[in-house]
Amino acid sequence: MPSFTLLGQSLLSGIFLGALYGLLGLGLSLSWGMLRQINLAHFALAFLGAYLTYQLSSVAGWDPIATLALIVPCFFAFGALTHWFLARFSITPFNSLLVTFGLTVIIESLIQWIWTADHRRLESAYGAIRYKIGAMYVPFPELLTLVLAATLSILVWAGLRYTDLGKAMRAAAEDAPIAAAFGVNERMLSLLLSGLAAAFAGVAGLCLALSFTLAPSQIYTWVGVVFAAVMIGGLGNPIGPLIAGIVIGVSESLTMALTAPTWAPLVSFSLLIIVLLARAEKI
Amino acid sequence: MMNSKRRALTVAGALLALGVAVPAVAATSGPPIRIGSTLALTGPLSGTAIIHKLTGEIYVELLNKKNGLLGRPVEWVLKDDQSKPDVARTLYEQLITVDKVDLVIGPYATPNIISAMGVAQRYNKVLVHHTMGIPSLAKYEMQFPAWSVGPNPEMTVPNTVFDALATTSKAPKTLAIVTSKFPSVYLMSKGAQEVAKKRGVKEVLFLEWEFGNKDYGPIANRVKDAKPDFVWVGAIGLEGNELLDAMKKIDYKPPLHFYMYPAPGPLAKLPEANGALAASIFEQHPPFTNNPVAAEFVKIYNERAAKAGLVDNSVETQAAASFSTWQVLEAGITATKGLNDKAISQWLKKNQVNTIQGRLRFDKTNNYGDDLMRVKQVQNGRWVTVWPKEWMAPGAKLMTP
C-alpha cells in the first residue's frame, strides 16, 4: 500500500509537470487555434530560451529570472518575424508544420553549434530552495513554473475575453475578412499574437532551465505530450492546455507512483484518443 | 634547465612508448590506408560520440606522426549516422561499396554497432568496435569488442559491485533497482536483480521506465518510500542526474547508490552525487596512467576536450574503449603486415593485445575476453577507482555514508 506521502508528493509532482506542459502548450495553442499555424519551432524556441537563460546566468552572472527582461522581447520580435515570413508566402497550416519543423532543425543545430551536444545544467540558488508542507516538499523552480503558467494562461484568457484588443483577435481568428470590414487590422494583430506565443516559449525556457538538464536533442521529447495537452485543452483556448497538462501530469505521476513508470507515457495518449473520439468536432 | 631536459626526456620516452618516432624517421609514403566508420555526430547520442571522435582524431594523428600503418598514412573516413541504426547501416554499406575503404571500425553505441556488424558480416570485413553493451548479440565471428566487459557482464559487473560493497562495514541488506529500459542498461539491471537474489540481498523495489522519461519525481518518491540500503540505478546518460535532482527536491539521499552507464562528467559535478558508484575500465589516475601510452593520450585528450568545449575533459570508459579500438586494429594490421580482414581476424583470435585498459583477449564466447570493469566512485567532484584494490586511485578508499 503506497504511503500518503508518496501519493501526495506524486500528486504535487504531476501538477508541477503538468504546469510546464501547459506553459509550453500555451503559445502553441494560440498560434494553432488563432493563426492556423502549427508551430513546431515553438519547442525549439523554448529550448533556445533555456540555453540563453543558462548562458546569461552561468556565464554573464545574471539572475535567471532577470534574463526574461532580455529574452521575452527578443523572442517576441522573432515570433512576429516568423509569422510575417509565413504570412508573406501564404503558407497553409499543413505546410506551416513542415516549415516550422525545418526551423526546429535549424535552431537545434544552432544550439548544438554554440553549446555543443553536451549536457548543460544551470546551477542557481533557486534550485536549492524548497518549502516543506507537512511531510511534502515544494521545490521553488516547479512552484515558479506553476505560478507563471497559471498567471499567463489566466491573463491571456482574460485579455482575449474582456479587452477590445482580445475581442478583435478572436474576431480576426474567427473570420478575418469580416473582422477587417469592421476595421480590425488582422495583420498587426497576427504579428502581435505570434510575438506573444514566442515570448511564452521564452518564459517556458526559463522554467526548463531551472528544472531540467539541457541537451539539444531533448527538444523532441516534449512534442508528443504537449501536443496532446493542446489538443485535449482545445485549440486557441489559453486555459485549456494548462488544465489538460495538469490532468496529464497528475495521471502520469500517479501511474508512476502506483504501477510501473513504463505505463506513464500511455496515459497522455490514451487520454488524447478518448478526447478525440468524444469531442472530435470541437477540436 | 634541468627540468626542461627531464621533461624532454619524459616526452621522448612517452612518444617512443607510443611508437611515435622522431620526425627524421617518421616518413609515410604511398596511398593512405582508409579506415571508415560512422559516429553519432548529431542526435541524442552525439554528446558521447564526440568523445569517440576526439579520440579517433588523436589516434590517427599520432599514427601519422610516426610511420602510419605499414609505412602508409592513415585516413579516417568518418560519417554522421545521426544516432540512427538504420542510417549507420546505410553508411557502412556506402563506406565499403562506394568509398571503398580498406577497413572499418565500429560506430557508437550498441544499436548502431549491431547495424554496422550486419554490414561487416555481409562483406566479410573485420569489425573492431568501442562500446557494445550486449555481448550475446555479437554473433559475427569477425567482430572484436575493444570494451572488455566479458561475455556475461550482466552477471560479472554486478558481482564486482557487490564484492566491493561487501568489503565495507555497510554491506547492503536491502536493494532497490530502478532502471531505464534502454537495452544494455536493462540487461545489467536484470543481472543485478539475479546477483542480489543469489547473495541474499533483499529486493524492496524494482522499477523500470522508458528511455526518454521526463518526470523522475514519482520514482524518487517510491525509492524514498522503500527505504533501501542500496539503490542500483540503471541510468544511461543524464537519467542518473535527473533522478538525483528529483531526490534532492524531496530531501532524500540514497545511502549507497550505483549508476550503470551514467554521463560521467555531469554526474561527478553534481553535489548530490558525492559517493555515487559506477563501473569503469579506465580512470585518469595511477595506476592506469603509469602506462606511458595512457599518460600521453590523457594529456592530449584533456587539451582537445577542453578546446572542444566538453563539460568533462577527463579520459574514462568511453575514451579508453575508443582508444583501445584503434590499438586493437593497429595491432592486427601490424602483426599481419597487411589489410586482409580474414588474416587480421584470425590473428586477433589467437593473440592478446595490450591496450590502455589492460590486456585484451578475444577467445571466449562471441570473441569476448575478460571482464575488466572496475568500480569507481565520485569523491569530491571527481571519479576515483575504488575497486579492485590493485586499481585503486592512490589514497582512495570506498566511501560509505
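Here are three short exercises, with worked solutions, on the predicted model shown above.

**Exercise 1. The largest nonpolar core**

Find which members of the largest nonpolar core touch the most other members, and which domains the core draws on.

*Solution.* Start with the size: the largest nonpolar core has 103 residues. Next, rank its members by how many others they touch; Ile35(B), Phe230(B), Trp232(B), Met260(B), Phe282(B), Tyr301(B) and Met373(B) come out on top. Then map the core onto the domains of chain B: domain 1 (2–149 + 291–370) and domain 2 (154–280 + 375–391) each give at least three residues. Apart from this core lies another of 75 residues, including Ile38(A) and Met231(A).

**Exercise 2. Around one core residue**

List what Phe282(B) touches, leaving out residues up to four places away in sequence.

*Solution.* Apply a heavy-atom cut-off of 4.5 Å. With the sequence filter on, the partners of Phe282(B) include Phe288(B), Ala294(B), Val298(B), Val315(B) and Ile356(B). Thr289(B), Glu316(B) and Thr317(B) are also among them.

**Exercise 3. Where the chains meet**

Describe the contact between chain A and chain B by residues, area and polar pairs.

*Solution.* First count residues: chain A gives 37 and chain B gives 35. Now take the area: the two chains bury about 3000 Å² between them, with 54% of it on carbon and sulfur atoms. On the chain A side, His119(A), Met256(A) and Thr262(A) supply 18% of the area buried against chain B, more than any other three residues.

Finally, turn to the polar pairs. There are 16 residue pairs in polar contact between the chains, both residues at pLDDT 80 or more. The count of salt bridges is three; in one, the side chains of Arg130(A) and Asp251(B) meet at 2.8 Å, N to O. As for secondary structure, helix 1 of chain A contributes six residues, the largest share of the side of chain A that touches chain B.

Notes
Residues are numbered from 1 along each chain as its sequence is written. Chains are lettered from A and ligands numbered from 1 in the order in which they are written. This is a predicted model: local features need pLDDT of at least 70, side-chain atom pairs count only at pLDDT 80 or more; totals for chains, interfaces and linings use all residues. Side-chain values use heavy atoms; hydrogens and water are left out. A nonpolar core is a set of buried Ala, Val, Leu, Ile, Met, Phe, Trp, Tyr and Cys residues joined through side-chain atoms within 4.5 Å. Buried means under 20% relative accessible area, exposed over 50%, partly exposed in between (1.4 Å probe, protein chains only). Domain bounds come from an automatic or database domain assignment. Buried area is the accessible area (1.4 Å probe) that two parts lose on being put together, summed over both. A salt bridge is a side-chain nitrogen of Lys or Arg within 4 Å of a carboxyl oxygen of Asp or Glu. A polar contact is a pair of N or O atoms within 3.5 Å; within protein, one must be able to donate a hydrogen and the other to accept it, and residues adjacent in sequence count only if both atoms are side-chain atoms. Helices (H or I, at least four residues) and strands (E, at least two) are DSSP runs, numbered from the N terminus.
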